[in-house]
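Visitor: I'm new to this structure and would like a close look at a single part of it. Could you walk me through it slowly, and then show me how that part sits among its surroundings?

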Amino acid sequence: MSEFQPTSRLRTCIAFAGFLLASTSGASAQSLDANLWITNGRVNAVARSGNTLYAGGAFSVVGPRTGGGMPVDTATGLVLTAAPAVRGDVRCAVSDGAGGWYIGGLFDSVGTVARTNLAHIHSDLTVDTWNPTTNGQVNTLALGGGRLVLGGTFTQVGGITRNRAAQV
């Protein structure tokens, strides 16, 4: 029976892997800088020259991080940057008739407030205490007669069984 004899290349690879494992220290987490701008597509290359960062890739827009939905001033077209950022996707929005709006989608927070898929934002850009959590995505909203009607892939609203449609 022949004995296994590793090649010199294999011995080098094993030694290098052992060196890497022995020399690695614990990984440290990085903090997300919410002030950094983002792109609407893939970034393939970056280069820095002085205080300028050049980026190239498959994107057409670079701008501030706004979250999954952001109100825009209808007169100026500018984003209302003081609005709370939505963590996730906004699929629908409807005016509350008083300068605020209801939003629905697939998200877990609005600003610093935990909200699951449905939220109300006041005209002063604060998040309402109203919190009828859904267990699935909200795809459509309609407001009439003081009632908000919603539809989506949820089966519960506020812990009550509501299969894909509800009135709150």
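Visitor: Which residue in E13 is the bridge partner of Gly-151?

Guide: Happy to take that one. Keep in mind that this is a predicted model. The partner you're after is Ala-165, which sits across from Gly-151 in E13. That bridge belongs to a set: 3 bridges join E10 to E13, and the two strands run antiparallel.

Now let's step back a little to see the sheet around them. E10 and E13 belong to an open sheet of 3 strands, ordered E9-E10-E13 and paired in antiparallel fashion. E9 and E13 (residues 165-167) are the edge strands, each pairing on one side only. On average, neighbouring strands here are turned by 15° against each other, if you ignore direction. As for what holds such an arrangement, strands of a sheet pair through backbone hydrogen bonds, either parallel or antiparallel.

From the sheet, we can move on to the nonpolar residues. The largest nonpolar core has 11 residues, among them Leu-141, Leu-148, Leu-150 and Ala-166. Strands E9 (138-144) and E10 (147-152) each give two or more residues to this core, and so does E5. Leu-141 is a handy place to pause. Leaving aside residues up to four places away in sequence, Leu-141 touches Cys-92, Val-94, Tyr-102, Leu-118, Leu-148 and Leu-150, among others. There is also a second, separate core of 8 residues, which includes Trp-101, Ile-103, Val-110 and Ala-119.

Tyr-102, another member of the largest core, is worth a stop too. At 16% relative accessibility, Tyr-102 counts as buried. Tyr-102 also makes an aromatic pair with Trp-130, arranged edge-to-face, with 5.3 Å from centre to centre and 80° between the planes. The count of aromatic pairs comes to 1, so you've now met it. Tyr-102 is in strand E6, while Trp-130 is in the loop between strand E8 (118-121) and E9, so this pair links parts of the chain 28 residues apart. Trp-130 itself is partly exposed, at 25% relative accessibility.

Since E5 and E6 have both come up, let's follow them. They are joined by 9 bridges and run antiparallel. One of the residues involved is Asp-89, whose bridge partner in E6 is Leu-106. The two strands form a hairpin with 5 residues between them, and in the turn Gly-97 has a positive phi of about 85°.

The same neighbourhood brings us to charged side chains. In general, side chains of opposite charge can pair when their charged atoms come close. A search of the whole structure finds 2 salt bridges. One of them joins Asp-108 and Arg-87, with the closest N and O atoms 2.6 Å apart. Asp-108 lies in strand E6 (residues 101-110) and Arg-87 in strand E5 (residues 86-95), so this salt bridge ties together parts that are 21 residues apart in sequence. Arg-87 is exposed, with a relative accessible area of 56%, whereas Asp-108 is partly exposed at 34%. The other salt bridge runs between Arg-91 and Asp-89, where the closest N and O atoms are 3.5 Å apart. Arg-91 is partly exposed at 45%, and Asp-89 is partly exposed as well, at 39%.

Two loop residues deserve a glance before we finish. Asn-117 has a phi near 75°, a positive value in a residue other than glycine. You'll find Asn-117 in the loop between strand E7 (113-114) and E8. Asn-117 counts as buried, with a relative accessibility of 4%. Leu-125 also has a positive phi, near 70°, and is likewise a residue other than glycine. The place of Leu-125 is the loop between E8 and E9.

Finally, here is the wider setting for the part you asked about. The protein has 1 helix and 13 strands, and reading from the N terminus the helix is followed by the strands. Of its 168 residues, 23% count as buried. Among contacts with a separation of 6 or more, 24% are between residues 24 or more positions apart. And to return to where you started, Gly-151 has Ala-165 as its bridge partner in E13.

Definitions and conventions:
Residues are numbered from 1 along each chain as its sequence is written. Side-chain values use heavy atoms; hydrogens and water are left out. A salt bridge is a side-chain nitrogen of Lys or Arg within 4 Å of a carboxyl oxygen of Asp or Glu. Helices (H or I, at least four residues) and strands (E, at least two) are DSSP runs, numbered from the N terminus. Buried means under 20% relative accessible area, exposed over 50%, partly exposed in between (1.4 Å probe, protein chains only). A nonpolar core is a set of buried Ala, Val, Leu, Ile, Met, Phe, Trp, Tyr and Cys residues joined through side-chain atoms within 4.5 Å. Contact means heavy atoms within 4.5 Å. Two strands pair if DSSP finds at least two bridges between them. Axes are lines fitted to C-alpha atoms, for helices over the stretch in contact, and angles run from 0 to 180 degrees between N-to-C directions. Rings of Phe, Tyr and Trp (its six-membered ring) pair if their centres lie within 6.5 Å; planes under 30 degrees apart count as stacked, over 60 as edge-to-face and the rest as tilted.
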